[in-house]
Structure formats: C-alpha cells, structure tokens
Amino acid sequence: MTLDRNLYIGVPVGAFLCSLFLLFCFFNTMKSRTVRSLRAVLTSCLVWTGGAILMRLQVFPGIRFWHNFALFGLLVIPVFMYAFLFAFLEITEHDALIYIYGVLTTALVLGNAWSGAILPAPEVMTRADGTYVYMYHATSGIWVLTVWEVSVLVYATYLAHCKIGGDLQLRKKLQPLLLGTLFVLMGNLLCLIPGSVFPYDMLGGVGMAVCMVYIMYKQYLFDFSYRVTVGAVYFLAVVVASLPLVILSHNLENVLGSLERAVTQKLLIYIVLQCAWTVLVVAFARKRLEDILNQKLKHMLEGLRKFQDRAASILNRKELFANMHDILDDAIPGWESRIFEKNINDDGYHEVVQSGHIPLGEDEVERVCGIVEQEETKETKETKETPEIALLKYDNMVCGFVYMERLRESKLNYREADCIRQMANIASGSLKNIDAYEKVYQVSIHDELTGLYNRSYCGVYLRRDGALGEERGFLYMDMDNFKLYNDLYGEQTGDRILQWCAKRFLDNVENGEVFRVGSNEFLVSVPETGKDALVELAEKLTRAVQENATNKPQVMQPITFSVGVAWYPGLAADALELFQQSKRAAFYAKRNGKDRIQVYEGGINEESQDKETGYEQVAPTVYALVAAIDAKDSFTFQHSTNVSQYAVLLAQKLGLSRNDIQTVKVAGLLHDIGKIGIPESILKKAGKLTNEEYEIMKSHVEKSIEMIHYLPNMNYVIPAVVSHHERYDGKGYPRGIKGEEIPFLGRILAVCDSFDAMISKRAYKEPLSVEYAMGELEKNKGTQFDPEVADAFIELIKEGKVPL
C-alpha cells in the first residue's frame, strides 16, 4: 500500500485553505441570518479539515482528540447547511428541526469521544519510508448515523423543493449547495472502505468549496467580485502572518537545540495560541473601532437619505433650507450649518435660516462670500470648494452656498465633507425643481392677458383660512359698455383696454392684490376698512383708467367702471360673503346708471333692484319691437298698448309695489311680441282658425319668451308673459297651471288681455260692448279669471278709470 506523502497531507491542507478563503470572503458583510448561517457552515468546514490535518500530523494532545474534534466539525456541517438553506428560503416553521438536530449531533460527538461506539479513532499504520497513514474501521453505529444523515438530507431537500416550487433560477442557485453536502458525505463514506487510506473525506471538502465558488461566480447567489476581493485580502494577510511560524518550525531545533518531538509540538501550539489570542484581541479592537466609526457613518448616511427623501417632495425654498439646516447639524455634530442664498438682484448673498447661535459677523460673511465669488468668476468656471463651503448651483449658476461654522477644535474629515457636498448636490437639484414648479405655478394662477391673478386663484384665495386677516376691503369693478368696445373697435382693442386697466390698477394699488374675475370684471383686495378710505381708493382707480397716456387705447367713449364697495369685519363674516356683497353693490351701481360707486348696505340684492331704471335702459329696444308688431299687425300693436295701460291701472288698484307695477307695464307691452313670428295668413285671417292654425297661434307665447331672453336685464317680465293665457281652472296654456300657481301678474294680464280682446275690432269679428265684456268677466270668475282680480277690474270700469 503506497501513497505519496505530499498528496496524503496536501489534500487536507487544500480543503482547509479553500474553506478558509471562502470564510474570509464573507468578512465585513451584512449581519443577516443567511450570512451568519453560511459563516457557520464554513467555520464547521475549517474545524473538520483543520482537525483532520492536526490528527494526521499527530499534534499534541493526540490523535483521538483531533479525531473527535474533526468529527464534530464534520457532523455539524449539515446542521448549519440546512440552517442556511432555510434562512435563504425564509422557511421559519421548521427552526425546531435545526435545533434538535444540532443538540443530537453534539450529544453523538460527546458519546463517541467517550466510547468510540460510532466511529473510533483511525488505526495508525507505519509505512516503509517512516511516514504514517490512517485507516478507519467502520462499526454498526456509523451505518446508523449514515442512514440518519441521509434521511435528514432527503427531508430537508424535500422542504426546500416545496418552497422553491417552479422557480427554476432559484433551484439552479441552490442545487450546488446540496451537491457539495453530498460530496462531503460520500467522501467520508469512501474512507470507511476496508483498506482505504486515500483522503477521500478531504477531497469531498474540496468538492464542496468548488460548489460554493460555482454558485457565487456562475449563479450570482452573492456578489462574487466583491467577496473574492475581500477574501483575497484577508487570505494573503494570514499567509504573510504565518510565514514566521513556518520558518520558526523548521529552525526551532537549530535555535533551541535538540528537543523531543512532543516538546516541540507543545511549544509550537503555545506560539500558535498566543498568536491567535493576539490576533483575536487586535481584531476585536479593530471591530469595535469600526463599529464606532460605522455607527457615525451610518448616522450621516441616514441623515443624507432622510434629506434626499424629503427634498424630493419639497416645493418651497424656505422649507428646503430649514430641513437641510436641521439634518446637517444633526448628522455632523460640533459644526453648525449656515445656508446663504443669492439676492434677487444677483448682488451678494443673504442668510436664509436663522438659528439660535449668534449670527456671523459682517467681516466673516464678507470673507466667506468673497471665497464663493472668487470661485464663481474663474475663467474655467470650475469651482474648487473648501471642506467648509459647498456650493448650491444648477445649470452652471451659483444660487447659494452652505458654510459650516466650526464649534470644535477638530477639522472636518473626508466623509463629513463628502456628506456636506452630497447634501448640497441634492439641494441644488431640488432648487431647480422648485424654480421650475414656481414658474409653472405662477403661470397657473395669473391671467394670461392682463398678468393679474386669475379667477381660479381668486377662488382659492377666498376659501383660504385667514384670507381677510384682521381687516380687509373689497372693490368689485365692473367695466361699463365693454361689449360696445369689442363691437365698435374689435376684440384686439378690447384686449388692449383690459391690459391698460390692469396696469393702472397695479400701479395704484400699493398694498393689496388685484384679480381678474370675469371677462371685464376685476376684484381689488386691500387691507383697509371703512367707507371713506375704500371709496377714496375706488375714485382714485376710476380716475386712473380715464387718464390720457401715450399707450392708452384710443377710443371715443370714456372708460368707466361701476364699482361695488364692501369691507370686513363691518359688513361680512368671511371672504366669500364679502365677495358677494361687493359684487352685489357693483351690480346695483350698474343698474342705476353706470360710472358710479356703490357702497354695500343691508337689503341690496338682485331681486330688489330698481326695475324702472333697468327698463329705461332697454326702452328703445322694447318700443322698436312693438313698432315692428305694428308694421305687421296694427291690431296687435294697439292691443299690447291697451293691455299695458289696463294692467298698470289694475296693479295700482290692487295696491302692488312700484316695481310690480313697472313689471306688469312692460309685460303688457311685450306679451304678444312673439306674434312677429306668426304667419300673416293666420294672424289676419277673417274666419275661424283651424285646429292646426290655432296650435300655431298658441306658439306665440313661447316665441315671446325666446325674444325676451335676448333683451338685457328683462328676464323679470317672463313669469307674467308666459302665464297670461293660463286659466284659473287649469285649462289654459302653455303649462296648464291653475289657481294661485299662476303668477299674480300673469292673472292681471289675463283679465286685461281678455277684456281688450272683447271690446276691440278684429279681422274676424266686430267689437263687443263694454257691458257684455263686463258680464263675461263676472260670468267667468273662478273658472277663467281670478275672482279678486276680475272684481277689481270691474270696479275700475264702473268708476270710469279705464280709458275705453
């Protein structure tokens, strides 16, 4: 039985070095359950292979000790391998299996060390050249252990298979790990073959190391390049550190003289242990130092991450600088951040965050700003920042800087300076976003034509909490005759007039806001209260738009406004109510002649406006329409005039208000204007109308309403006009309403319309007598006519007040 001695000891040494290298690969890495389990696997491999090497070298305290030491490492490899597998796959419900397996394995090793019933220490065989080989003798216990290990391996593999499912990529990553475990198991079983002395067990360890490297390099289970670099550095350090020991072991006899082999081994073990202890102490001290430094670095990185997360959603410069100041001061203790922003006119800088510390002196500010300005004005446009200064810039423009004021003796280190620069870079990107957002936001809240705040922003302004402050006055300014400017001079001139007025308002409103709230309506909001001050401002603004200037649009008519004035807290409870009050007052001013200022007073509303004044504004149009009726049918013209006169007298008789009398007067004139659209063949037909012709004649009510809609501010007459053919019993048209559902003014028109129709001559009939007409009114009370209205009109006729 021959075996090369170098191969015999070289294979275990190779397996040990492979495991050591892989363990070094996972130094200085994340502290996760997966990595801890993998480190335990590799450490077990080191215990196993290292124990086997020391056993083969017959190192003190003896073969039996190192055999059981290596056996312990071998048997716990599967324990930690399954722990790694379960941690990687996040299988937590079987953790108890790992603990039970580990306890039983430890008990087996201790029992074997005491009795040797499972796997006794190998038999030492001396070869002809004086070297030793070891032969294992299997017992019945080893086969029981093998069956147990294989069962656990199969069960763990089954659990992993169920967890992986159809994920083929994950299966490819983990299969080599199971294969490496099989290599270890098979290598140890081959050593039990009778007469076998080849180190198959250690060869299995090499196979497992190869599987580990394969999954790192090919399957990317871990970051290969980084791990190999770390492992190579530590491995080379151990090799260099071991050189003195290797040299000492070969020259120890020359140095100390002839010694017994046992003494030499003990001495070497002592040296190794002392070196190991020294290394452990140094490693522990270095680890603690790294933990302290990493904790500080972690704190800085957390601050950097926190600022990055916040900066991504901040759209306000002041808020950005305040967050940056607080996070910098927390991340870098012993220093205080001073943040400066460039002035709007690009003339110097100003500090934007005031802290609790004493502000920088003028000399210090000038010195720091001087450094920044020197860096700005370099021809290369490259800025070489000092550790204490980090520039805030984007698009090659410096918009500010961060200055770190020292509150301690030590200087900034590289990591601290780099953290400051990175925060400055993040802030610079956020400033660019903030500036872009601010531009878009300003466009969204300003009117494109005039540059004033638009109607949408006015709504936001009115609903904002505390919009009015302690006191506030509103001027609602409605331009008079704006449609006339567009019709006479064109829309371009109309736009120029709006721009002119907006510019004059901005020039004369010193401490307030101006909004464009309609096509030709403006709202002026000022922190003023009281009638006199606000009326004075309104007069100032109305005079300003009438002043002559070279850039004023040239129109013949004067530019005038109807202005409504209201204030808080004297009149309104909130901004929306104040707005409505000023608008209502402006409407009242426009209804009462235009080019005037109206102060809001209680009781002003659209329903109580002076309708007589409104009618005067459209009277020419009304008479023009009545004249058109006369041109087509003189009977209709005279009839409308008569009905209007009768209705006024009847309304007065019934004690109605001045506004109702004015309404019924206009309604009487307009109630039949829709007959303009009725064919003359029907309108002047001498005989009885057919059913079809009668339906066409009845449509004059809807046509009247359509025409009235086109008259400005005359909608208030529609209820009377639309109901003058309704009957009190509900059999009229167009809606078929009855009783008090019919507007009262409509019931008045119904009586007057029927009476005049009876006593007037028509193409299809002669006039009836007044007495007959009075009889019809009396007869049809409660069916066609309102009894109260009919009685009042009969009394008027009897009193001789109705012109016949």
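The following paragraphs describe the sheets, the nonpolar core, the salt bridges and selected local features of a predicted model. Residues are numbered from 1 along each chain as its sequence is written, and side-chain values use heavy atoms, with hydrogens and water left out. As the model is predicted, local features need pLDDT of at least 70 and side-chain atom pairs count only at pLDDT 80 or more, whereas totals for chains, interfaces and linings use all residues.

Helices (H or I, at least four residues) and strands (E, at least two) are DSSP runs, numbered from the N terminus, and two strands are taken to pair if DSSP finds at least two bridges between them. One open sheet consists of 4 strands in the order β4-β3-β6-β5, with antiparallel pairing. Its edges are formed by β4 (349-351) and β5 (389-394), each of which pairs on one side only, and the twist from one strand to the next averages 25°. Within this sheet, strand β3 (residues 335-342) and strand β6 (residues 397-406) run antiparallel and are joined by 7 bridges; R338 has Y403 in β6 as its bridge partner. Helix α10 (residues 317-331) lies across β3, β5 and β6 and runs at about 160° to β3, where axes are lines fitted to C-alpha atoms, for helices over the stretch in contact, and angles run from 0 to 180 degrees between N-to-C directions. Helix α12 (residues 414-445) also packs on the sheet, touching β5 and β6, and its direction makes about 25° with that of β5; contact here means heavy atoms within 4.5 Å.

Another open sheet has 5 strands, arranged in the order β8-β9-β7-β10-β11 with mixed pairing. Because β8 and β11 (597-599) stand at the edges with a single partner strand each, one side of each is left without a neighbour in the sheet. Neighbouring strands are turned by 20° against each other on average, direction ignored. The pairing of β7 with strand β9 (residues 521-526) is antiparallel and extends over 6 bridges, with G473 standing opposite V526 in β9. Helix α15 (residues 491-508) packs on this sheet, where it touches β7, β8, β9 and β10 (561-568), and its direction makes about 160° with that of β7. Helix α13 (residues 455-463) lies across β7, β8 and β9, running at about 130° to β8.

The largest nonpolar core, a set of buried Ala, Val, Leu, Ile, Met, Phe, Trp, Tyr and Cys residues joined through side-chain atoms within 4.5 Å, has 45 residues, and those with the most contacts inside it are V717, I748, F755 and F793. The elements that give two or more residues to this core include α19 (634-653), α25 (744-759) and α27 (787-798), and the largest share, 8 residues, comes from α25. When residues up to four places away in sequence are not counted, F755 touches Y646, V770, A773, L777, F793, I797, V802 and L804.

The structure holds 18 salt bridges, each defined as a side-chain nitrogen of Lys or Arg within 4 Å of a carboxyl oxygen of Asp or Glu. In one of them, R472 pairs with E513, the closest N and O atoms being 3.5 Å apart. R472 lies in strand β7 (residues 472-479) and E513 in strand β8 (residues 513-516), so this pair ties together parts that are 41 residues apart in sequence. With buried meaning under 20% relative accessible area, exposed over 50% and partly exposed in between (1.4 Å probe, protein chains only), R472 counts as buried at 12%, while E513 counts as partly exposed at 23%. The side chains of E799 and K653 also meet in a salt bridge (3.3 Å, N to O); E799 lies in the segment after α27 and K653 in helix α19, so the pair ties together parts that are 146 residues apart in sequence. In addition, K503, R504, D507 and E547 are linked in a network of salt bridges.

In helix α22 (residues 691-698), the residues E693, M697 and K698 are buried. They cover an arc of only 140° around the axis (the arc being that of the directions from the helix axis to the C-beta atoms), which puts them on the same side of α22. The face turned away from this buried side carries the exposed residues N691 and E692.
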